[in-house]
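Visitor: I've got a model open and would like to walk through it with you. Could we take it one question at a time?

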Amino acid sequence: MNLHKLILTSNACYKAGRTITPRGIMVHSTGANNPNLKRYVGPDDGLLGKNQYNNHWNTDKPGGRQVCVHAFIGKLANGMIATYQTLPWNMRGWHCGSGSQGSGNDTHISFEICEDNLSDAAYFNAVYKEAAELCAYLCKQYGIRPERPYLICHSEGHELGIASNHGDVMHWFPKHGKSMDTFRAEVNRLLENGGSEASSSSGSKSVDALAREVIRGNWGNGVERKNRLTAAGHDYAAVQAKVNEILSGKSTSTTETFESYTVAKGDTLWGIAAKKLGSGARYKEIKTLNGLSSDTIYAGQKLKLPK
Ligand SMILES: [Zn+2]
């Protein structure tokens, strides 16, 4: 995944500042023949290229509409495919309207894939892969299952009663032999591969490699370490947890057969299993180890995790 960040702070959606607990992801495509990210994301950061009409979405109401998504996937000025994060992932977006069951804006992270004329297979395959990697990354981060009704497209959202009546992305994917079912299967495959493809941004190093660099002293200590790792776009908490894990493996303690974990706000069993055990499907082991009869957990709860 080639993930960049340019938050659309001039958009009224950003200024509204409402937050959500992400429960799912809604995939959109733009419905206009323009694969260039600069059409929607701006101002130019040196990679996007200049939008000569200045009609990107970093404006109060793009085209007079209350609209904003969490990310766009499309082409940089040099033709490379990239993802641009345009809202904080836990901010409430304006992307799907509503239906009889409510609004996906309250539950789903959203992104737009920039459409071309829908006939270029090479472009389609590249953005499909980028979108799957983005979804795997988000599923892992928020404990979202790559299943209906969590990982859906706009037209499925309409079927489920949480979105307006739009056809995306099912007017496009089938032209290239794909569907939301193949897409969910691909995201699941990425997650089962341990998320190593999914969690890296811009081809960055794995958590394991970073942890070993930290131990070698390459990233300093304490606050400096945290700031430098965060500034470089890495997940400080994950790296530090790995450091502790590696270092504790060198101790000779044999008494502990499990690790302790304190539930944070927004955690789910699936999410904890994905984050700590490498696969969301291992959430059943956590339930068994802790004698839980339901999937409900609460912030502050202490859980044992298998080592
Ligand atoms: Zn849509």
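Visitor: How many aromatic pairs does the structure hold?
Guide: Keep in mind that we're looking at a predicted model. Rings pair here if their centres lie within 6.5 Å. Counted that way, the number of aromatic pairs in the structure is 11.

Visitor: Take F124 and Y128: is that pair stacked, edge-to-face or tilted?
Guide: Both residues sit in helix α2, four residues apart, which is about one turn of the helix. Both are buried, too. Their ring centres are 5.5 Å apart and the planes make an angle of 35°. Stacked needs under 30 degrees and edge-to-face needs over 60, so the F124 and Y128 pair comes out as tilted.

Visitor: And what about F124 with F173, stacked or edge-to-face?
Guide: This pair links distant parts of the chain, with F124 in helix α2 and F173 in the loop between α3 and α4, 49 residues apart. Both of these residues are buried. The ring centres lie 5.3 Å apart with the planes at 80°, so the geometry is edge-to-face.

Visitor: Which residues do ring pairs link into a cluster with F124?
Guide: We've just met Y128 and F173 as ring partners of F124. The cluster takes in W172 and F183 as well. With F124 itself, then, the cluster is F124, Y128, W172, F173 and F183.

Visitor: Over to the sheet: which strands stand at the edges?
Guide: It's an open sheet of six strands with mixed pairing, in the order β1-β4-β3-β5-β2-β6. The twist averages 25° from one strand to the next. An edge strand has a single partner, so one side of it is left without a neighbour in the sheet; that applies to β1 and β6.

Visitor: In what sense do β2 and β6 pair, and which residue stands opposite V27?
Guide: Strand β2 covers residues 24-29, and it pairs with β6 over three bridges in the parallel sense. Opposite V27, in β6, you'll find C153.

Visitor: Which helix lies across β2 and β6 at about 150° to β6?
Guide: Two helices are worth a look here. Helix α2 (residues 121-142) lies across β1, β2, β3, β4, β5 and β6, but its quoted angle is about 155°, to β3. The helix at about 150° to β6, lying across β2 and β6, spans residues 180-192 and is α4.

Visitor: How many residues of α9 are buried?
Guide: Buried means under 20% relative accessible area. The residues of α9 that qualify are L269, W270, G271, I272, A273, A274 and L277. What covers them includes α2, β7, α10 and β8. Out of nine residues in α9, the buried count is seven.

Visitor: Are α9 and α10 roughly parallel or roughly perpendicular?
Guide: On the α9 side, L269, W270, I272, A273 and L277 meet Y283, I286 and K287 of α10. By class, that contact has seven nonpolar, no polar and one charged residues. The helix axes are 8 Å apart and the packing angle is about 105°, which makes α9 and α10 roughly perpendicular.

Visitor: Last one: is R212 buried, partly exposed or exposed?
Guide: R212 is in helix α6, and its C-alpha is 7.2 Å from that of V243, 31 residues away along the chain. Buried would need under 20% and exposed over 50%. R212 has a relative accessibility of 40%, so it counts as partly exposed.

How values were computed:
Residues numbered from 1 in each chain as written. Predicted model: local features only at pLDDT ≥ 70, side-chain atom pairs only at ≥ 80, totals over all residues. Heavy atoms only, no water. Axes fitted to C-alpha atoms, helices over the stretch in contact; angles between N-to-C directions. Parallel < 35°, antiparallel > 145°, perpendicular 65-115°, else oblique. Contact = heavy atoms within 4.5 Å. Nonpolar A, V, L, I, M, F, W, Y, C, P; charged D, E, K, R; others polar. Pairing = 2+ DSSP bridges. Phe/Tyr/Trp six-rings, centres within 6.5 Å; stacked < 30°, edge-to-face > 60°. Buried < 20%, exposed > 50% of the residue type's maximum accessible area, 1.4 Å probe, protein only.
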